[in-house]
Amino acid sequence: MTSDILLKYFPNLTLQQQEQFARLQELYTLWNSQINVISRKDIELLYERHVLHSLGIAKVMEFAPGTSVLDVGTGGGFPGVPLAILSPDVNFHLVDSIGKKIKVVNEVAMALGLTNVKGTHARAEDIKEKFDFVVSRAVTQLKDFYPWVKGKFSKTNNNKLPNGILYLKGGDLTQEIADAGLAVQQYHLKDYFEEEFFETKQVIYVKG
């Protein structure tokens with residue numbers, strides 16, 4: 001599978017964006033051989049299971065220029081790196097508690113010339129800045145995740161949704177949402193993407 005799948009859902013990508021997305025396969029294959037950030041079986045399905053999955057957030061929320069986004073537990077850069085390619089006028093701060101994963105993030109961002117990405121080796125709780133949105137991909141249960149980022153949101157809203165969390169999750173989330181005790185909006189990615197992989201995938205929105 002190639003980066004062409006992205007054009008199916010994001011037909012307005014510039015030539016530069018297309019080139020940046022196309023390079024992800026080579027870059028992640030290279031770095032994954034040194035530092036395992038993506039499961040070996042998934043590297044061949046990078047564009048569906050990692051890049052397009054990350055861009056599911058963009059189907060739910062098109063960030064306004066100047067928006068600041070914190071990606072918590074980014075691993076090798078998902079969802080932050082694909083979102084940063086798609087939205088060059090949005091600022092992304094990617095954090096992970098594992099330093100070698102942040103090394104991959106910064107190396108990939110540098111190779112692609114992404115000036116809107118900052119990678120930091122830190123726990124979410126240690127980040128003192130305020131952001132418009134927090135994004136993440138299935139790092140932990142929502143009830144455990146929310147306390148990490150509570151209080152990190154800017155008071156000024158400039159997007160169609162009020163500032164908050166956009167969390168990529170999969171499976172039946174009924175119990176997890178009940179346990180969290182939070183008001184959430186659920187966006188099913190099967191409404192946006194037709195591949196079978198997205199059948200049970202969702203973006204969960206929680207107001208900050």
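**Figure 1. Val 60, a buried residue of helix H3.** Val 60 counts as buried, at 3% relative accessibility. The model shown here and in the other views is predicted. Val 60 belongs to helix H3, which spans residues 46-60. Setting aside neighbours within four places in sequence, Val 60 is in contact with Lys 160, Leu 166, Tyr 187, Tyr 192 and Val 203. Leu 114 is 54 residues from Val 60 in sequence. In space, the two are 23 Å apart, C-alpha to C-alpha.

**Figure 2. Ser 136 in strand S4.** Strand S4 covers residues 133-137, and Ser 136 lies in this strand. Its relative accessibility is 0%, so Ser 136 counts as buried. The C-alpha atoms of Ser 136 and Val 72 are separated by 5.4 Å. Along the chain these two residues are 64 apart. Val 72 is also among the residues that Ser 136 touches, when those up to four places away in sequence are not counted. The others on that list are Asp 71, Pro 79, Phe 145, Leu 166, Tyr 167 and Leu 168. Leu 166 is in contact with Val 60 as well.

**Figure 3. The cis peptide bond at Pro 79.** The bond from Phe 78 to Pro 79 is cis. Its omega is near 10°. Pro 79 sits in the loop between strand S1 (68-72) and H4. Ser 136 of strand S4 touches this proline. Phe 78, on the other side of the cis bond, helps to line the second largest pocket. From Arg 123 to Phe 78, the C-alpha separation is 16 Å, with their positions 45 residues apart along the chain.

**Figure 4. Ala 138 and its positive phi.** Ala 138 is not a glycine, yet its phi is positive, at about 50°. The residue is placed in the loop between strand S4 (133-137) and helix H6 (142-149). Is Ala 138 buried or partly exposed? Its relative accessibility is 46%, so Ala 138 counts as partly exposed. Ala 138 is also one of the residues lining the second largest pocket.

**Figure 5. The second largest pocket.** Its volume is about 180 Å³. The lining includes Val 37, Ile 38, His 50 and His 53. Gly 73, Thr 74, Gly 75, Gly 76 and Phe 78 line the pocket too. Lys 101, Arg 137 and Ala 138 complete the lining. By class, there are four nonpolar, six polar and two charged residues.

**Figure 6. The largest pocket.** This pocket holds about 320 Å³ of space. Fifteen is the count of its lining residues, given as 15. Which of them lie nearest the centre? They are Phe 10, Ala 58, Glu 62, Leu 86 and Ser 87. The lining has nine nonpolar, three polar and three charged residues.

**Figure 7. Ser 87, beside the centre of the largest pocket.** Ser 87 is among the lining residues nearest the pocket centre. The residue lies in the loop between helix H4 (80-86) and strand S2 (91-96). Ser 87 has a relative accessible area of 12% and is therefore buried, the cut-off being under 20%. Leaving out residues up to four places away in sequence, Ser 87 touches Phe 92 and Asn 116.

**Figure 8. Thr 67, ahead of strand S1.** Thr 67 is placed in the loop between helix H3 (46-60) and S1. With a relative accessible area of 2%, Thr 67 is buried. Apart from neighbours within four places in sequence, its contacts are Asp 89, Val 90, Asn 91, Asp 132, Phe 133 and Asn 159.

**Figure 9. Arg 123 in the loop between S3 and S4.** Strand S3 covers residues 117-121, and Arg 123 lies in the loop between S3 and S4. At 46% relative accessibility, Arg 123 counts as partly exposed.

**Figure 10. The crossing of helices H2 and H5.** The axes of H2 (residues 15-34) and H5 (residues 99-112) come within 10 Å. They cross at roughly 140°. The crossing is right-handed. H2 contributes Gln 20, Arg 23, Leu 24, Leu 27, Tyr 28 and Trp 31 to the contact. From H5 come Lys 103, Val 104, Glu 107, Val 108, Ala 111 and Leu 112. By class, the contact has eight nonpolar, one polar and three charged residues.

Conventions
Residues numbered from 1 in each chain as written. Predicted model: local features only at pLDDT ≥ 70, side-chain atom pairs only at ≥ 80, totals over all residues. Heavy atoms only, no water. Axes fitted to C-alpha atoms, helices over the stretch in contact; angles between N-to-C directions. Helix = DSSP H or I, 4+ residues; strand = E, 2+ residues; numbered from the N terminus. Left-handed = near helix turned anticlockwise from the far one by under 90°. Contact = heavy atoms within 4.5 Å. Nonpolar A, V, L, I, M, F, W, Y, C, P; charged D, E, K, R; others polar. 1 Å grid on protein atoms, 1.4 Å probe; cavity = no way out; pocket = protein on both sides within 12 Å on 5 of 7 lines; lining within 4 Å. Points joined across faces, edges and corners; volume = space filled by probe spheres on them. Buried < 20%, exposed > 50% of the residue type's maximum accessible area, 1.4 Å probe, protein only.
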